[in-house]
Amino acid sequence: MITRRGTLAGGLALILSAISGAARAASWVVLGTRTVDLLGDHDEIEVGADEGLYKAVRLHVEGNGILIDVVRVRFGNGNELKFELRNFIGEGSSTRVLDFPGKARVLKRVILNYAREPGGGQSVVTVQGLKA
(Lines give C-alpha, C1' and ligand atoms only; values in the text may rest on other atoms or scores of the structure.)
Protein backbone atom coordinates (compact mmCIF):
# COMPACT_ATOMS: atom_id res chain seq x y z
CA MET A 1 0.00 0.00 0.00
CA ILE A 2 1.36 3.41 -0.95
CA THR A 3 0.87 5.97 1.77
CA ARG A 4 0.47 9.67 1.39
CA ARG A 5 3.78 10.16 3.22
CA GLY A 6 5.53 7.79 0.79
CA THR A 7 4.07 9.62 -2.20
CA LEU A 8 5.20 12.97 -0.82
CA ALA A 9 8.69 11.67 -0.09
CA GLY A 10 8.99 10.24 -3.59
CA GLY A 11 7.81 13.49 -5.15
CA LEU A 12 10.23 15.52 -3.04
CA ALA A 13 13.12 13.24 -4.04
CA LEU A 14 12.23 13.68 -7.72
CA ILE A 15 12.11 17.48 -7.38
CA LEU A 16 15.45 17.61 -5.53
CA SER A 17 17.02 15.38 -8.17
CA ALA A 18 15.82 17.69 -10.94
CA ILE A 19 17.09 20.77 -9.12
CA SER A 20 20.48 19.13 -8.53
CA GLY A 21 20.78 18.19 -12.22
CA ALA A 22 19.80 21.70 -13.31
CA ALA A 23 22.31 23.27 -10.93
CA ARG A 24 25.09 21.02 -12.25
CA ALA A 25 24.20 21.83 -15.86
CA ALA A 26 24.14 25.54 -15.08
CA SER A 27 27.72 25.50 -13.74
CA TRP A 28 29.26 24.67 -17.17
CA VAL A 29 30.76 27.77 -18.79
CA VAL A 30 32.32 28.35 -22.21
CA LEU A 31 36.07 28.86 -21.87
CA GLY A 32 37.09 29.09 -25.50
CA THR A 33 36.21 28.10 -29.05
CA ARG A 34 38.34 27.21 -32.05
CA THR A 35 37.59 26.34 -35.65
CA VAL A 36 39.90 23.44 -36.43
CA ASP A 37 41.01 22.46 -39.93
CA LEU A 38 40.62 18.70 -40.42
CA LEU A 39 43.56 18.64 -42.86
CA GLY A 40 45.71 19.19 -39.76
CA ASP A 41 46.05 16.94 -36.75
CA HIS A 42 46.36 19.22 -33.71
CA ASP A 43 45.21 22.57 -32.35
CA GLU A 44 45.32 24.59 -29.14
CA ILE A 45 42.53 26.51 -27.47
CA GLU A 46 43.70 29.29 -25.16
CA VAL A 47 41.64 29.59 -21.98
CA GLY A 48 43.34 32.24 -19.84
CA ALA A 49 44.19 32.19 -16.17
CA ASP A 50 41.65 34.89 -15.30
CA GLU A 51 38.69 32.56 -15.86
CA GLY A 52 38.72 31.05 -12.34
CA LEU A 53 39.04 27.57 -10.85
CA TYR A 54 37.66 24.46 -12.55
CA LYS A 55 37.33 20.80 -11.65
CA ALA A 56 36.54 19.36 -15.10
CA VAL A 57 36.22 20.17 -18.81
CA ARG A 58 34.36 18.76 -21.78
CA LEU A 59 34.51 19.53 -25.49
CA HIS A 60 31.48 20.30 -27.64
CA VAL A 61 31.62 19.92 -31.45
CA GLU A 62 29.67 21.71 -34.18
CA GLY A 63 30.18 21.50 -37.94
CA ASN A 64 31.90 18.30 -39.03
CA GLY A 65 32.38 15.53 -36.51
CA ILE A 66 35.93 14.90 -35.36
CA LEU A 67 37.92 11.88 -34.17
CA ILE A 68 39.74 13.12 -31.07
CA ASP A 69 42.68 10.99 -30.01
CA VAL A 70 44.19 12.89 -27.09
CA VAL A 71 43.24 15.97 -25.05
CA ARG A 72 45.92 17.62 -22.93
CA VAL A 73 44.93 20.25 -20.39
CA ARG A 74 47.65 22.67 -19.33
CA PHE A 75 47.14 24.39 -16.00
CA GLY A 76 48.21 27.81 -14.77
CA ASN A 77 51.16 26.33 -12.84
CA GLY A 78 52.51 24.66 -16.02
CA ASN A 79 51.47 21.11 -15.11
CA GLU A 80 49.62 19.10 -17.73
CA LEU A 81 46.99 16.36 -17.61
CA LYS A 82 46.52 13.97 -20.53
CA PHE A 83 43.23 12.28 -21.48
CA GLU A 84 43.29 9.56 -24.14
CA LEU A 85 39.84 9.67 -25.75
CA ARG A 86 40.14 7.97 -29.15
CA ASN A 87 36.45 8.80 -29.75
CA PHE A 88 34.53 10.23 -32.67
CA ILE A 89 32.51 13.23 -31.53
CA GLY A 90 29.66 13.92 -33.93
CA GLU A 91 28.13 17.27 -34.81
CA GLY A 92 26.18 18.68 -31.86
CA SER A 93 27.75 16.19 -29.41
CA SER A 94 30.15 16.48 -26.50
CA THR A 95 32.94 14.39 -25.05
CA ARG A 96 32.58 12.69 -21.72
CA VAL A 97 33.41 14.83 -18.71
CA LEU A 98 37.18 15.02 -18.20
CA ASP A 99 37.56 15.28 -14.42
CA PHE A 100 40.68 16.67 -12.77
CA PRO A 101 41.94 14.63 -9.81
CA GLY A 102 42.45 16.54 -6.59
CA LYS A 103 41.61 20.18 -6.08
CA ALA A 104 40.19 22.63 -8.63
CA ARG A 105 42.71 24.35 -10.88
CA VAL A 106 43.32 27.37 -13.07
CA LEU A 107 43.33 26.45 -16.77
CA LYS A 108 45.70 27.91 -19.32
CA ARG A 109 45.04 25.97 -22.55
CA VAL A 110 43.57 22.80 -24.01
CA ILE A 111 45.61 20.95 -26.65
CA LEU A 112 43.83 18.63 -29.07
CA ASN A 113 45.29 15.81 -31.15
CA TYR A 114 42.83 14.49 -33.72
CA ALA A 115 42.67 12.40 -36.87
CA ARG A 116 43.18 14.05 -40.25
CA GLU A 117 40.33 13.87 -42.74
CA PRO A 118 41.51 13.27 -46.35
CA GLY A 119 38.84 15.60 -47.74
CA GLY A 120 39.46 18.24 -45.07
CA GLY A 121 36.63 20.29 -43.63
CA GLN A 122 36.25 22.17 -40.40
CA SER A 123 34.93 21.51 -36.93
CA VAL A 124 34.12 24.11 -34.31
CA VAL A 125 35.35 22.85 -30.95
CA THR A 126 34.24 24.58 -27.75
CA VAL A 127 35.88 23.99 -24.36
CA GLN A 128 33.40 24.06 -21.50
CA GLY A 129 34.60 24.14 -17.90
CA LEU A 130 32.88 22.99 -14.72
CA LYS A 131 33.33 25.69 -12.07
CA ALA A 132 34.61 24.64 -8.68
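Which strand does Arg-109 lie in? In this predicted model, Arg-109 lies in strand β7. Before following that arginine further, here is the overall picture.

**The chain as a whole**

The chain has one helix and eight strands, and going along the sequence they come in the order α-β-β-β-β-β-β-β-β. Of the 132 residues, 33% are buried. Take the contacts between residues at least 6 apart in sequence: 78% of them join residues at least 24 apart. The chain exposes about 7700 Å², and carbon and sulfur atoms supply 53% of that area.

How far can you trust it? The mean pLDDT of the chain is 85, with 78% of residues at 70 or more. Confidence is lowest in helix α1 (residues 4–26), where the mean is 48, and highest in strand β6 (residues 98–99), at 98. Over residues 11–24 pLDDT stays under 50, and for that stretch the model has one contact beyond four places in sequence.

**How the strands pair**

Several of the strand pairs are antiparallel, and three of them are listed here.

| Strands | Sense | Bridges |
|---|---|---|
| β4 and β5 | antiparallel | eight bridges |
| β4 and β7 | antiparallel | seven bridges |
| β2 and β7 | antiparallel | five bridges |

Strands β4 and β5 also form a hairpin, with four residues between them. In the turn sits Gly-78, which has a positive phi of about 95°. Within the β4 and β5 pairing, Val-71 stands opposite Phe-83 in β5. On the β7 side, Ile-68 has Tyr-114 as its bridge partner, while Glu-44 has Ile-111.

Strand β2 (residues 42–46) shows a neat alternation: Asp-43 and Ile-45 point to one face and are buried, whereas His-42, Glu-44 and Glu-46 point to the other face and are not.

**The nonpolar core**

The largest nonpolar core has 26 residues. Those with the most contacts inside it are Leu-59, Ile-66, Val-71, Val-73, Phe-100, Leu-107 and Leu-112. At least two core residues come from each of β1 (28–37), β3 (53–63), β4 (66–75), β5, β7 (105–114) and β8 (122–131). The largest share, five residues, comes from β4.

Val-73 is worth a look here. Setting aside neighbours within four places in sequence, Val-73 is in contact with Val-57, Asn-79, Glu-80, Leu-81, Phe-83, Phe-100, Leu-107 and Arg-109.

**Two residues in β5**

Phe-83 lies in strand β5 (residues 80–89). Is Phe-83 buried or exposed? Its relative accessible area is 10%, which is under the 20% cut-off, so Phe-83 counts as buried. Beyond its neighbours within four places in sequence, Phe-83 is in contact with Asp-69, Val-70, Val-71, Val-73, Leu-98, Asp-99 and Phe-100. From Phe-83 to Val-73 it is 10 residues in sequence and 8.2 Å in space, C-alpha to C-alpha.

Arg-86 has its place in β5 too, but here the relative accessible area is 54%; that is over 50%, so Arg-86 is exposed. The backbone of Arg-86 also deserves a second glance: phi is positive, about 50°, although the residue is not a glycine. Most residues other than glycine have a negative phi.

**Buried polar side chains**

Back to Arg-109. With 15% relative accessibility, under the 20% limit, Arg-109 counts as buried because of that cut-off. What does its side chain meet? The side chain of Arg-109 makes a polar contact of 2.7 Å with the side chain of Glu-46. Not counting residues up to four places away in sequence, Arg-109 touches Glu-44, Ile-45, Glu-46, Val-47, Arg-72, Val-73 and Arg-74.

Gln-128, in strand β8, can be read in a similar way. Its relative accessibility is 14%, again under 20%, so Gln-128 counts as buried. A polar contact of 2.5 Å joins the side chains of Gln-128 and Arg-58. Residues up to four places away in sequence aside, Gln-128 touches Trp-28, Val-29, Val-30, Leu-31, Ala-56, Val-57, Arg-58 and His-60.

How values were computed:
Residues numbered from 1 in each chain as written. Predicted model: local features only at pLDDT ≥ 70, side-chain atom pairs only at ≥ 80, totals over all residues. Heavy atoms only, no water. Buried < 20%, exposed > 50% of the residue type's maximum accessible area, 1.4 Å probe, protein only. Contact = heavy atoms within 4.5 Å. Areas by Shrake-Rupley, 256 points an atom, 1.4 Å probe, with all protein chains shown as cover. Core = buried A, V, L, I, M, F, W, Y, C linked by side-chain atoms within 4.5 Å. Polar contact = N/O pair within 3.5 Å; in protein donor to acceptor, adjacent residues only side chain to side chain. Pairing = 2+ DSSP bridges. pLDDT = per-residue confidence, 0-100.
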